[in-house]
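Here is a short report on a protein complex. Look over the model first, then read on.

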Amino acid sequence: MTAAVKRIAEKPDRRSIITKLVLVLFFALGLVVAGMGISGLKKNDATGFSSEAGYAAIHDLSVHMDRVWKELLNPLLAGLPEEERARLNDCAHTLLAKVWEEQKSGSTAEADALLNSAGQEREKLMFRLLYATYLIDGPKVSTANRKEIAAVPENQMAGLREKLVRAILDESAEVPAEVSAMVKGSGIDRQAGLMQALFVTGEQEAKAPEVVSHFKKSIRDKGSHPMAFRMAATNEVNWLWQLVISRSRTFILVGIVLALDALLLAILMMGERVWAFDIKWFIILLIVDFLLLFQLMPLVYMVIKAFFPESSFSLETIQRLYTYPLNLNALKNTLIASFATMILGTILAFPLAFLVGRTNLYGKKFFRALFVLTYMVPPYVGAMAWLRLLNPNVGTINLWMRSLFHLSDAPGPLNVYSLPGMIWVLTSFYYPYAFITISRAMEKMDPSLEEASRISGGTPLTTLFTITLPMMMPSLISGALLVFVSAASCYGIPSIIGSPGRVHTVTTRIVEYVSLGQQGLNDATGMAVFLMLLAVIILFISDVVLAKRQYITVSGKSVRPAIVDLRGWRVPLSILVALFAVIVVFIPFITIFATSFKIDVGKSMLNPENFTLTNWQTVFGRVETMNCLKNSLIYASVAATIGIVIACTMSYLLQRTRIKGRKLPDFLITLGSGTPSVVIALGLIMTMKGNFGINIYNTAYIMIIAYMIKYLMMGMRTVVSAMSQVHASLEECSQVSGATWLRTMLRITGPLIFPSIAAGWFLIFIPSFYELSMTTLLYSSTTKTIGFQLYEYWTFTSQPMSCALAFGILLIVVVLNFVLNRLTKGEFSI
Amino acid sequence: MGTVKIDHISKAFGNNVVLKEFNEVFEDGEFVTLLGPSGCGKTTMLRLIAGFEKPTSGELYIDDKLVSGGNTFLPPERRNIGMVFQSYAVWPHMNVFDNVAYPLTIKKRARNDIRTSVERVLEIVHLSQYAGRFPNQLSGGQQQRIALARALVAEPKLLLLDEPLSNLDAKLRESMRFEIKEIQRKLGITVIYVTHDQTEAMAMSDRIFLINRGVVQQSGSPEEIYNQPANQFVADFLGKVDFFKGVAENGKITFPSMNDQTLSYDGPHSGKVEVAIRPENLYFDDTGILRGTLEAQYYLGDVDDCRVRIGNELVRVIANGFEYRKRKNGDQVRLSVRDFMVFKDDGTLQKMLEIQT
């Protein structure tokens with residue numbers, strides 16, 4: 001018994017020591033890796049190569065050279081008689097001196113000094129140097145010539161080489177026909193050509209050009225070529241060094257992350273007072289690392305860049321940017337438009353939410369679905385529709401008003417290319433954000449709170465103002481703030497409506513700056529910091545301040561809200577809501593649909609001369625459209641799938657564990673979704689092009705990561721709320737019945753929350769599918785998406801065609817919504 | 001005055017009839033309880049009186065004034081009623097004082113009057129020191145008292161209570177029960193109380209209306225409906241009871257399922273009957289007429305809860321706790337019956353019981 005007690009007492013002790021040891025080891029490993037990276041960076045600074053990748057190129061070259069030396073030159077030289085070998089050596093020496101002088105690669109003296117120090121290895125070194133110089137800097141050997149030599153059958157190659165050596169040593173010997181194109185002139189020029197041809201016979205056909213291009217791309221500065229050649233010729237750069245130096249920034253990054261993780265783990269364990277590894281912590285760390293690297297680092301870097309443009313503190317960039325009238329104007333426009341949209345949107349959303357959720361309005365279920373559906377429509381599609389309707393010259397509504405009121409043919413009376421125009425379109429696409437927030441809160445409110453007011457003597461109107469409205473206030477404000485942030489960070493609508501009317505906003509200015517190159521990037525940062533600050537402040541207000549005043553909590557009982565009888569107002573109010581729906585939802589969609597069949601956008605679709613199907617045929621017949629569609633589907637699926645896995649993991653951590661540190665990734669995910677799209681994209685551009693050890697610029701990865709950062713929270717919230725509904729006892733019961741944890745997840749929890757998982761997947765997928773703001777900044781020629789394609793069609797090609805594409809996108813979204821509805825048995829649709 | 005006259009009121013939601021022909025008068029100062037299983041229509045009746053629902057047919061009078069019926073409908077705010085909701089429904093954005101003062105504020109009373117009234121009513125519910133607090137700083141029981149104070153502050157003649165104690169823990173529930181009763185007695189108001197808890201109903205009410213599936217099964221004082229239940233449902237819903245099928249003839253009832261043992265009976269029923277026996281009305285008696293075997297004993301301290309096998313029936317007997325050691329399982333025992341209830345066995349009531357359970 002004493003032994004058992006002792007073991008119990010000892011075991012955690014020993015384990016905690018091992019754990020601590022492992023942590024220290026990991027921390028040290030991190031420091032070592034980072035240290036290697038730093039020394040690699042320093043070494044590179046000392047050699048002065050323009051890019052760290054130079055070492056990889058040198059290593060590449062020396063490996064290539066080793067092969068040529070071993071398979072061709074060494075056997076060849078060894079097979080020559082002593083005297084001929086000496087003459088060939090002399091010849092190589094002369095050639096080396098000549099080519100170095102010619103190419104300004106270095107001086108003869110330099111070459112001699114190098115060769116003399118080599119001693120016994122002189123010959124090897126000399127040939128290797130000559131080979132490297134010819135390959136990289138020497139007269140270019142054309143692909144055709146290479147091909148001709150490569151075409152020589154294997155059994156005749158030895159003969160060819162012998163003939164070449166002969167020709168080098170003997171001026172009068174005949175130049176073989178296969179290489180005659182390469183050999184020009186006489187004497188030393190002829191020898192140079194022949195030597196090069198000899199080198200080529202030892203190469204694999206495709207390898208050499210690859211080595212050359214790698215080298216030239218990595219070491220741009222010609223002055224550092226001799227050093228590079230020497231390093232390659234003497235095999236100075238081994239595989240480890242080239243790895244460390246060429247990836248020094250990655251090493252530093254990985255090292256820092258490793259050390260940071262070890263530190264974080266130590267802090268977590270200290271907090272829990274349990275010194276043991278828990279798999280959950282590794283999962284948290286994995287998610288946190290991902291978010292730190294791709295979300296926080298870019299944001300922090302941008303702030304630093306904005307205030308420390310030249311590595312010292314300066315407000316110069318900021319000052320210059322915001323004294324420039326165009327930018328100041330953009331700033332003003334953004335603030336005015338967002339504020340107006342917030343006010344207008346909330347004023348629209350509250351009564352709509354009330355009428356639809358709490359009264360006996362006709363068709364309220366239909367209206368509710370309709371207003372929520374608008375949420376899923378890409379905003380730029382709405383912008384396109386309103387542009388068609390309110391264009392001052394040919395806008396449908398303008399034409400109609402002119403004929404109705406017998407106005408002159410002058411443009412107007414309404415002009416969408418203006419700040420009010422933009423505000424209107426923003427409102428019509430962002431009011432659903434407030435609508436959804438408010439109606440959710442309204443449906444959760446305990447109806448007896450209002451009944452208590454009625455029985456206390458309050459009329460329905462008094463009740464509305466003294467009870468309902470104050471109780472709704474937190475949701476109302478957070479809905480309004482959501483509209484504000486969304487409008488401020490919107491790019492699609494201002495770019496389509498604002499730009500032609502010269503109504504600039506911060507987002508459009510940022511995108512313009514980014515297209516201006518390096519200086520532009522710095523300036524864009526200055527603008528983005530403003531947008532980011534705005535978002536962070538509002539996020540803080542709505543999450544921290546309002547959360548404390550949140551009255552509405554989900555009660556266990558299902559609440560059936562009391563329905564207010566509208567009586568005499570029922571018909572007029574129903575008509576009013578229907579009218580609103582027609583104006584805000586139906587007319588824009590019909591306009592898009594109609595325009596897609598038009599030849600002349602100014603005339604009616606019903607006019608047979610103006611009706612055509614070619615727009616649809618052209619757009620959907622093009623390979624490029626299909627490629628973009630494919631890209632969009634792939635990127636959005638990948639983002640949604642990885643996103644939902646993270647979401648499920650996070651939900652489990654948040655709902656089922658008390659583990660410390662689980663709030664950290666949650667906070668980062670919330671921050672990510674609150675960050676304006678343009679800012680996320682800009683941050684990624686500035687930090688993901690290799691300068692911090694990760695180079696995914698111009699790839700699909702950068703876009704997928706951007707989508708995930710922006711939309712992860714939507715998926716996560718859905719799964720979290722579903723999991724909070726599944727009482728832990730259901731899982732415990734399954735485990736008590738003998739099921740393993742995994743089986744419990746698969747058989748009990750999984751099926752119960754499956755509808756929400758599916759919904760979460762779609763909530764990430766759909767906005768990623770038609771994303772525009774981030775894509776505009778991150779796309780490359782091979783990674784264009786359907787949203788960007790639509791934007792290009794609209795801006796550069798033709799409006800009817802873009803309308804066809806837009807309607808196609810809408811159809812896909814509607815079909816996906818239908819699938820979601822079916823998949824979740826009607827529980828979810830967006 | 002505080003009378004409520006319910007004149008043939010029916011209520012249906014769509015095709016679902018929840019109240020059938022409710023016809024009753026609640027007198028001034030009476031404590032009336034609407035008792036029944038969940039979904040029986042009792043809350044609907046309360047909401048009809050409050051004015052949150054309109055009756056499908058019938059008329060409702062409060063103090064002899066027509067409030068619902070025909071084309072007349074007085075909205076809740078004009079009925080001058082106090083009401084306490086199951087979820088308390090205290091407003092989280094107002095402090096205790098403002099919550100309680102609300103009915104008077106609506107009536108635009110003078111500020112001093114309001115202060116006096118609120119202080120008085122807070123005194124009654126023992127919340128005087130919490131006037132400045134917000135509801136989320138108070139316990140469930142205290143929130144309950146806020147709701148009560150708010151319902152009482154405007155001095156209504158009629159107070160409606162909708163399962164007000166169901167969200168409280170057992171101890172608190174018991175003490176609140178007596179407090180509410182005490183307040184009602186002090187103020188002399190009419191109270192209509194809705195609950196599914198028979199103990200609450202028995203402890204507080206002057207009259208209990210036992211409702212099932214929208215129909216009043218029986219009304220009367222607690223003692224009346226406990227001892228003289230109108231039908232099997234009432235007998236079953238209040239207290240513990242066992243039913244046995246038997247045949248009544250020649251001054252006795254024969255139980256085929258109990259090896260044809262008999263009980264003497266001179267009541268009005270004959271032929272097939274159902275006999276309801278409360279376990280506390282059976283007792284062990286060496287000269288008893290029912291013979292059986294003791295099969296199980298559950299010692300509960302104050303009582304000894306026994307099962308006696310008689311033929312095919314397992315009969316429950318509640319004996320005194322101190323008798324526990326006198327008997328052991330397997331003993332042959334004899335039982336006497338203090339009292340039993342006899343109902344005609346017409347099959348329909350049996351069906352009703354099945355639905356209820």
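Two strands count as paired if DSSP finds at least two bridges between them. Keep that cut-off in mind for what follows. The model is predicted.

**A covered strand**

Start with strand β3 (residues 31–35) of chain B. How many of its residues are buried? The count is 5 of 5, so by the rule that 20 or more other C-beta atoms lie within 10 Å of a buried residue's own, β3(B) is mostly covered. Cover comes on both faces. F31(B), T33(B) and L35(B) are buried on one side. V32(B) and L34(B) are buried on the other.

Which strands pair with β3(B)? The table lists two partners, β9(B) and β10(B).

| Partner of β3(B) | Residues | Bridges | Direction | Bridge partner of L34(B) |
|---|---|---|---|---|
| β9(B) | 190–195 | 5 bridges | parallel | V194(B) |
| β10(B) | 207–212 | 4 bridges | parallel | F209(B) |

L34(B) thus has a bridge partner in β9(B) and another in β10(B).

**Domains of chain B**

The domain assignment splits chain B into domain 1 (4–234) and domain 2 (240–356). Taken over C-alpha atoms, the centres of these two domains are 39 Å apart.

**Contact with chain A**

Chain B brings 17 residues to the contact, and chain A brings 16 residues. On the chain B side, helix α2 (residues 96–106) gives the most, with 3 residues. By class, that side holds 12 nonpolar, 2 polar and 3 charged residues.

**Confidence**

Chain B has a mean pLDDT of 88, with 97% of its residues at 70 or more. For the complex, the predictor gives an ipTM of 0.84 and a pTM of 0.75.

Notes: Residues numbered from 1 in each chain as written. Chains lettered and ligands numbered in written order. Predicted model: local features only at pLDDT ≥ 70, side-chain atom pairs only at ≥ 80, totals over all residues. Contact = placed C-beta atoms within 7 Å. Helix = DSSP H or I, 4+ residues; strand = E, 2+ residues; numbered from the N terminus. Nonpolar A, V, L, I, M, F, W, Y, C, P; charged D, E, K, R; others polar. Domains from an automatic or database assignment. pLDDT = per-residue confidence, 0-100. Buried ≥ 20, exposed ≤ 12 C-beta atoms within 10 Å, placed from the backbone.
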